[in-house]
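Here are a few short exercises to work through with the coordinates open. Try each task before reading its solution.

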Amino acid sequence: MIQGAEAIVDRSEFLGRKALVKTRPGKSYRLPEIDAHIRNIRTRNEARIMRDARNAGVRTPCIYDIDLKECSITMEYIEGRSIKDVLDEEPERADEICVKIGEAVAKLHSAKVCHGDLTTSNMILEDDQVCLIDFSMGCANAELEDIGVDLRLLERAFSSAHVGLEDSFGKLMETYYSHVSDPKAVKRKLTDIKNRCRYT
Ligand SMILES: Nc1ncnc2c1ncn2[C@@H]1O[C@H](COP(=O)(O)OP(=O)(O)OP(=O)(O)O)[C@@H](O)[C@H]1O
Ligand SMILES: [Mg+2]
C-alpha cells in the first residue's frame with residue numbers, strides 16, 4: 001500500500017489481470033456529507049479525465065471499475081518505472097524520453113484536456129511508452145490559461161527534480177510546440193504566466 005498526498009493505492013487483481021485500486025479516504029475534518037460529496041466528485045472527475053485522455057490517444061491505465069460509495073477506481077496496473085526514476089538513473093535517455101513526453105502532452109492539450117499535476121512522478125515508462133497517471137487535478141474543456149498553467153507546472157517540476165536536464169526539457173517543449181495547432185498562442189500565454197508570477 002502506498003499513501004500519496006490524498007489517495008491510497010493498493011495492488012489487486014481484476015478478472016485475472018493485474019490491477020491497482022486507488023481510494024480516496026474520508027477526511028475527518030470535513031462534515032461527513034460534504035466529505036462524501038467532495039470525494040465522490042473527485043473520483044468521478046479523475047475517471048472521466050482519464051477516459052478523455054485515453055480517447056485523445058494518450059496512454060493511460062484502462063479503467064476496470066469505479067466504486068462511488070468507496071470512492072475508489074480500479075484500473076490497469078502499469079508495469080514500469082516512474083519517469084522520475086528513469087531520468088535519475090539513466091540521464092543519457094533523457095532526450096529520447098522528453099520527446100515522448102512532449103508528444104503525449106501535446107495530444108492531451110490538443111483534445112482540450114489538462115492533467116493538473118504534470119510531474120515526472122506521475123508518468124510511467126512502460127516498455128518504451130510514456131503512460132500518464134494521476135489525473136485527479138485534471139480538467140476537460142481546457143482553456144489556453146489551463147494549458148499554460150499545466151506547462152508551467154511541468155517546467156517547474158522538471159527544473160526542481162531534474163537539474164542538469166535543461167536541454168532535454170528544451171527538446172520536450174520543441175516537440176510539444178511542433179505538435180500543437182497554435183504554438184505561438186501557447187508561447188505567449190506561458191510568457192504571460194511567468195511574468196505574472198514574477199511581479200505578483
Ligand atoms: N495504474 C498504475 N499502475 C502502476 N502504478 C501506479 C498506477 N497508478 C498509480 N501508481 C503508483 O502509485 C503512486 C500514487 O498514485 P497517484 O499518483 O495516482 O496518486 P497520488 O499522487 O497519491 O494521489 P493524488 O494526487 O490523487 O492525491 C504513483 O506515483 C505510482 O507509483
Ligand atoms: Mg501522484
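**Exercise 1. Surface**

How much area does the protein expose, and what share of it do carbon and sulfur atoms supply?

Solution. Keep in mind that this is a predicted model. The exposed area comes to about 10,900 Å². Carbon and sulfur atoms supply 50% of that area. For the other side of the coin, look at burial: 44% of the 200 residues are buried.

**Exercise 2. Fold and overall dimensions**

Work out the order of helices and strands, then check how compact the protein is.

Solution. Start by counting: there are six helices and eight strands. Next, walk along the chain from the N terminus, and you get β-β-β-α-β-β-β-α-α-β-β-α-α-α. Now for compactness: the radius of gyration is 17 Å and the globule rule gives 16 Å for 200 residues, so the protein is as compact as a globular protein of that length. Along the principal axes, the C-alpha atoms fill a box of roughly 45 × 40 × 30 Å. Finally, turn to contacts with a separation of 6 or more: 62% of them are between residues 24 or more positions apart.

**Exercise 3. Charges**

Count the charged side chains of each sign and find how far apart the centres of the two sets lie.

Solution. Tally the positive side chains and you reach 31, while the negative ones come to 35. Take the centre of each set, and the two centres turn out to lie 5 Å apart.

**Exercise 4. Aromatic pairs**

Find out how many aromatic pairs the whole structure holds, then classify Phe14–Tyr64 and Phe158–Phe169.

Solution. A search of the whole structure turns up three aromatic pairs. Two numbers are needed for each: the distance of the centres and the angle of the planes.

- Phe14 and Tyr64 are 5.1 Å apart centre to centre with 10° between the planes, and the pair is stacked because planes under 30 degrees apart count that way. Phe14 sits in strand β2 (residues 8-14) and Tyr64 in strand β4 (residues 63-67), so this pair ties together parts 50 residues apart in sequence. Phe14 itself is partly exposed, at 25% relative accessible area.
- Phe158 and Phe169 have ring centres 5.0 Å apart and planes at 45°, so this pair is tilted. Phe158 belongs to helix α4 (residues 144-161) and Phe169 to helix α5 (residues 166-179), so the pair links distant parts of the chain, 11 residues apart. Phe158 is buried, with 3% relative accessibility, and Phe169 is buried too, with 9%.

Terms used: Residues are numbered from 1 along each chain as its sequence is written. Chains are lettered from A and ligands numbered from 1 in the order in which they are written. This is a predicted model: local features need pLDDT of at least 70, side-chain atom pairs count only at pLDDT 80 or more; totals for chains, interfaces and linings use all residues. Side-chain values use heavy atoms; hydrogens and water are left out. Helices (H or I, at least four residues) and strands (E, at least two) are DSSP runs, numbered from the N terminus. The radius of gyration is taken over C-alpha atoms; the globule rule is 2.2 Å times the number of residues to the power 0.38. Buried means under 20% relative accessible area, exposed over 50%, partly exposed in between (1.4 Å probe, protein chains only). Contact means heavy atoms within 4.5 Å. Accessible areas come from the Shrake-Rupley method with a 1.4 Å probe; for residues, only the protein chains shown count as cover. Lys and Arg count as positive and Asp and Glu as negative; His and the chain ends are not counted. The place of a charge is taken as NZ of Lys, CZ of Arg, CG of Asp or CD of Glu. Rings of Phe, Tyr and Trp (its six-membered ring) pair if their centres lie within 6.5 Å; planes under 30 degrees apart count as stacked, over 60 as edge-to-face and the rest as tilted.
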